[in-house]
Amino acid sequence: RHLGFNERITHQLVDRNEIPQKFSNREYVQPQWVADSINAELLLPIEPYGLGKLPPPHLSPFIDDEEEGYMPDQRKVILELKAQAEGHAGAFENEEEGEEEEEDEEGEDADGPTTAEEEMQYEKELAAEQNGKETGEAGDAAVTRSKKKSKKEVEVERQRMMMPKKDRRLYDKIMFAKERKAQNVQKLMHRKST
């Protein structure tokens, strides 16, 4: 049965720039719109996925942007759309994630300072050290932190030396991959800023 005249069809997937017959009650989108909408867990706008348009870059749902250290522009757009669509009919309901987020928020209060606060304190200490203000609490904290860091590095190196040769090689490969990933993120950030 031919579905050409069915009025219940609201969206039609098209992988070509030209189609022989258009219907006024339908939206024509590229197949990537479906995959991106599912990955984003909301109905994305159809304009970027229209006929003859180059769709936005596809984002993998398996990559954690925070862990990678780089957030693509399209991810920022999707996060903004999610914030706007929260509670609207276009957003998919996902009760399990909401419960997990509530548990995480409760756990943060009991743990004390968060890593973001610690990072901000560390940034302040670095700024004070660069300005030559090593007197007072900030200077003492910076010196103590550098001693702790060197002790930690010594301990890591000691543990590495105690590993069997096979495990040490695997550990070195993992650390090399992390360094390479950090360098790639630096390159992306540099390209983006220029």
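**Exercise 1. Describe the order of secondary-structure elements and the overall burial of the chain.**

*Solution.* Along the sequence, the elements follow the pattern β-β-α-α-α-α-α-α-α. The model under study is a predicted one. Counting the elements gives seven helices and two strands. The next step concerns solvent exposure: 16% of the 194 residues count as buried. The accessible surface of the chain comes to about 16,200 Å², and carbon and sulfur atoms hold 52% of it. Finally, among contacts with a separation of 6 or more, 31% are between residues 24 or more positions apart.

**Exercise 2. Identify the residues of the largest nonpolar core and the helices that supply it.**

*Solution.* The largest nonpolar core has ten residues: Val 29, Trp 33, Ala 40, Leu 42, Leu 44, Ile 46, Tyr 49, Leu 59, Ile 78 and Ala 85. At least two residues of this core come from helix H1 (32–40), and at least two from helix H3 (73–85). As a general background, nonpolar side chains tend to be buried together in soluble globular proteins. One core member, Val 29, can then be examined through its contacts. Leaving aside residues up to four places away in sequence, Val 29 touches Gln 12, Leu 13, Val 14, Ile 46 and Tyr 49.

**Exercise 3. Determine whether Arg 26 is buried or exposed, and name the polar partner of its side chain.**

*Solution.* First, locate the residue: Arg 26 lies in the loop between strand E1 (11–13) and strand E2 (27–29). Second, apply the cut-off, by which buried means under 20% relative accessible area. Arg 26 has 8% relative accessibility and therefore counts as buried. Third, the side chain of Arg 26 makes a polar contact with the side chain of Gln 12, at 2.8 Å.

**Exercise 4. Characterise the nonpolar surface patch that includes Leu 13.**

*Solution.* The patch is made by Leu 13, Val 34 and Ile 38 and covers about 260 Å². Leu 13 belongs to strand E1. With a relative accessible area of 48%, Leu 13 is partly exposed.

**Exercise 5. Analyse three of the six salt bridges in the structure.**

*Solution.* The underlying principle is that side chains of opposite charge can pair when their charged atoms come close.

1. Lys 192 forms a salt bridge with Asp 73, with the closest N and O atoms 2.7 Å apart. This pair links distant parts of the chain, since Lys 192 is in helix H7 (residues 165–193) and Asp 73 is in helix H3, 119 residues apart. Lys 192 is partly exposed at a relative accessible area of 33%, and Asp 73 is partly exposed at 46%.

2. Arg 158 forms a salt bridge with Glu 155, and their closest N and O atoms are 3.1 Å apart. Because the two residues are three residues apart in helix H6 (residues 136–162), about one helical turn separates Arg 158 and Glu 155. Relative accessibility is 49% for Arg 158, which counts as partly exposed; Glu 155, at 35%, also counts as partly exposed.

3. Asp 172 forms a salt bridge with Arg 160, the closest N and O atoms lying 2.8 Å apart. Asp 172 is in helix H7 and Arg 160 in helix H6, so the pair ties together parts twelve residues apart in sequence. Salt bridges that share partners join Glu 157, Arg 160 and Asp 172 into one network. Asp 172 counts as partly exposed, at 31% relative accessibility.

Terms used. Residues numbered from 1 in each chain as written. Predicted model: local features only at pLDDT ≥ 70, side-chain atom pairs only at ≥ 80, totals over all residues. Heavy atoms only, no water. Helix = DSSP H or I, 4+ residues; strand = E, 2+ residues; numbered from the N terminus. Buried < 20%, exposed > 50% of the residue type's maximum accessible area, 1.4 Å probe, protein only. Polar contact = N/O pair within 3.5 Å; in protein donor to acceptor, adjacent residues only side chain to side chain. Core = buried A, V, L, I, M, F, W, Y, C linked by side-chain atoms within 4.5 Å. Contact = heavy atoms within 4.5 Å. Areas by Shrake-Rupley, 256 points an atom, 1.4 Å probe, with all protein chains shown as cover. Patch = residues over 30% accessible without salt bridge, like charges linked within 9 Å, V, L, I, M, F, W, Y side chains within 5 Å. Salt bridge = Lys/Arg side-chain N within 4 Å of Asp/Glu carboxyl O.
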